[in-house]
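Here is a short tour of one protein chain. Keep the model in view as you read.

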Amino acid sequence: MLPLGESIPENTAHAVSVSLPTWKSNVGYEEGEEWVVEKMATGYPRFFIHKSIQAFASEVVSEHGLPDQQAMLFPTRGAAQRCIYFVTNAQPKYSKRLYIVELVLDVSKTLSSPWEKLAPTVSAVLLPKEAFPLAKQYWQHTGDGVSSRRAEFCHSLFKDGLLASTKSINTLGEPSPRPIRGPKRYQRAGANSGPKDKGSYGVRATAHHEESLESSRFLEERFGRNLDLIFVDRAKSAIRRRIAGFLVEDMDSLPMMSSSSRGLRNLHEDDVYLFPAGMNAIFNAHRALLSARGQMKSVNFGFPYVDTLKILQKFGPGCEFFGHASSVDLDQLEELLKTGHRFLALFCEFPGNPLLACPDLRRIRRLADEFDFAVVVDETIGTFANINVLPAADIVVSSLTKIFSGDSNVMGGSVILNPSSRYYDQIKKAMSYIFEDTYWPEDAIFMERNSRDFLTRVDRVNTNAEAICVTLQEHASVKDIFYPKCNPSRPHYDEYRLPNRGYGGLLSIVFHSRKLAESFYDSVEIAKGPSLGTNFTLCSPYVLLAHYQELSWAAKFGVAEDLVRISVGLEDTEVLQNVFKRALRATETLRHTG
């Protein structure tokens, strides 16, 4: 069992998850208790601002701000301005106390440096400390913030005087005579240029620690077969093609376009857009729709991942929420539509998180065609390796951070526009206005590498998840299991399931009592922390982490606060079953003594 606060995977500086090994530690994290928080080496990136980002932000304030200020870092000025609007819209009193410092590469000092192509820019919002929690809401909801790799790279340039405020750069100045080395991971022995070593590792406390991390990074990248950064455009192209369903497994396949599993002959690579996080993909899909179709309310159909609902509620005219994704909910929606209500779009997940229920996409599509609204489907949990929902949607979004990557060391998100959609031309035009490629090249390189064996990993996960589902179903401590194969909504899933494909790697358990849930969670010998879709099996008391401040609200939609969510990985099936059986035996002891 990993220690409290350790990154998951262990010793991974840009890990997406963090170890919360006991039920009590999850509650302590939500309560902000020091015994938990002080041990957190990292956290889920939209909820926990990475320490490398914190360190850079602190130096920006020291250089450009005041003692009572903090900084929030974004990749572009546009994102920074949206953050300011969000904060000042919530609290107008801050309207004259927020400003942006734009940091860009000082080309007068770097000449034609090898990292200039990376566009290492950062726009820092400087704001009063008391306004920081509002800015943090924007960061969490939208995924617009800088990635930890971008922050580390740019921080190194900043410390060397190569990344400077646009107001302080002397564009007519003479180039600096001193050697310009840039960040350490871009240096070669005896050379001053050329991207060689890539990747990055958080705040370094000692020289020994730095050397250890550099060694780990070298092993991760070289033996992991990362591409050189000069190939970042090709890496992004490979990612887009995989997402489009062209199943490109390696860079050599790029000139060839194989048949797409998405089932649309007119689907092209440029209908896929990459974003730095899955939630950022949803945020920008919503922005594009508002731009294309005007200011109208949306519909959130089904119990949502927490920030999807927040985006629809806080950005734009708001939304109608139907939390059960049931036929009764669809009846109520249809009644609203028949009485004259009109909507921008319906957002849903397929399947939903954490109850793994699937909405009736066929009926939703019929209503959308009849009453003129767009359909946005989040396929993250189902994944396009198992299902094909694009024909039923106008936009498909996904978190690439999850099973598409699998390695839990990089974030990413995607948007696919359906070229057969009645709104395609409008949305395409809107995307041409709003889209900024903020996907940091290092992150894209990692994502390209991680996703090469996506299909074979999903096959393994499908098999393991079904086996674990059977193991759990047979045990008396388990009250309910939520899994697409055994849910009442299975016919809706099967309608969009690809031939001979499975039901994904996510399932949720509700035990007969909270004490049984705690016993199982504390006993199970797997990684325990936030996120899903990892190559290793990962467990989380999901509702506590995602809805701690609204547990009674979640319960209204059948989402129990002591639900345990399992993201099944690639381990040997029999070994994994035995791990779960041992944890279930711990609940037996509690049942018999309690």
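## A buried serine

Ser298 sits in strand E8. The model shown here is predicted. Is Ser298 buried or exposed? Its relative accessible area is 0%. The cut-off for buried is under 20%, so Ser298 counts as buried.

What does Ser298 touch, leaving aside residues up to four places away in sequence? Its contacts are His286, Leu312, Gly318, Cys319, Glu320, Phe343, Leu344, Ala345 and Phe347. One of these, His286, gets the next section.

## A histidine in helix H10

His286 belongs to helix H10, which covers residues 278–293. The relative accessible area of His286 is 2%, so this residue is buried. Not counting residues up to four places away in sequence, His286 touches Ser298, Ile311, Leu312, Phe315, Leu344 and Phe347.

## H10 against H11

Helix H11 spans residues 306–314. H10 and H11 pack at an angle of about 25°, and their axes are 10 Å apart. Angles under 35 degrees count as roughly parallel, so H10 is roughly parallel to H11. Their crossing is right-handed.

Which residues make the contact? H10 supplies Met279, Ile282, Phe283 and His286. H11 supplies Asp307, Thr308, Ile311 and Leu312. Sorted by class, the contact of H10 with H11 has five nonpolar, two polar and one charged residues.

## H10 against H14

H10 also meets helix H14, residues 424–434. Here the axes come within 8 Å and cross at roughly 115°. The crossing of H10 and H14 is right-handed.

From H10, the contact uses Asn284, Arg287, Ala288, Leu289, Ser291, Ala292 and Arg293. From H14, it uses Gln426, Ile427, Ala430, Met431 and Ile434. By class, this contact of H10 with H14 has seven nonpolar, three polar and two charged residues.

## Aromatic rings

How many aromatic pairs are there? The count comes to 28. In one pair, the ring centres of Phe303 and Phe557 lie 6.1 Å apart. Their planes stand at 45°, so the pair is tilted. This pair links distant parts of the chain, 254 residues apart. Phe303 is in the loop between strand E8 (298–301) and H11. Phe557 is in the loop between helix H20 (551–555) and strand E18 (564–567). Both Phe303 and Phe557 are buried.

Phe350 and Tyr496 form another pair, and this one is edge-to-face. The distance is 5.8 Å centre to centre, with 85° between the planes. Again the pair links distant parts of the chain, 146 residues apart. Phe350 lies in the loop between strand E10 (345–349) and helix H13 (361–371). Tyr496 lies in helix H17, residues 490–496. Phe350 and Tyr496 are both buried. There is also an aromatic cluster, made of Phe74, Phe86, Tyr138, Trp139, Phe283 and Phe315.

## Helix H1

Helix H1 runs over residues 23–31. Which of its residues are buried? They are Trp23, Ser25, Asn26 and Gly28. What covers them includes helix H2 (34–37), helix H18 (514–523), helix H19 (542–547) and E18. Just after H1 comes Gly32, with a positive phi of about 70°.

## Gln69 in strand E3

Gln69 is part of strand E3, residues 69–74. Its relative accessibility is 8%. The cut-off for buried is under 20%, so Gln69 counts as buried.

Gln69 and Lys129 are 60 residues apart in sequence. In space, they are 5.1 Å apart, C-alpha to C-alpha. Lys129 is among the residues that Gln69 touches. The others are Val61, Arg97, Tyr99, Leu126, Leu127 and Pro128, not counting residues up to four places away in sequence.

## The whole chain

The protein has 21 helices and 18 strands. Of its 594 residues, 61% are buried. Now take the contacts with a separation of 6 or more. Residues 24 or more positions apart account for 73% of them.

Note on methods:
Residues numbered from 1 in each chain as written. Predicted model: local features only at pLDDT ≥ 70, side-chain atom pairs only at ≥ 80, totals over all residues. Heavy atoms only, no water. Helix = DSSP H or I, 4+ residues; strand = E, 2+ residues; numbered from the N terminus. Buried < 20%, exposed > 50% of the residue type's maximum accessible area, 1.4 Å probe, protein only. Contact = heavy atoms within 4.5 Å. Axes fitted to C-alpha atoms, helices over the stretch in contact; angles between N-to-C directions. Parallel < 35°, antiparallel > 145°, perpendicular 65-115°, else oblique. Left-handed = near helix turned anticlockwise from the far one by under 90°. Nonpolar A, V, L, I, M, F, W, Y, C, P; charged D, E, K, R; others polar. Phe/Tyr/Trp six-rings, centres within 6.5 Å; stacked < 30°, edge-to-face > 60°.
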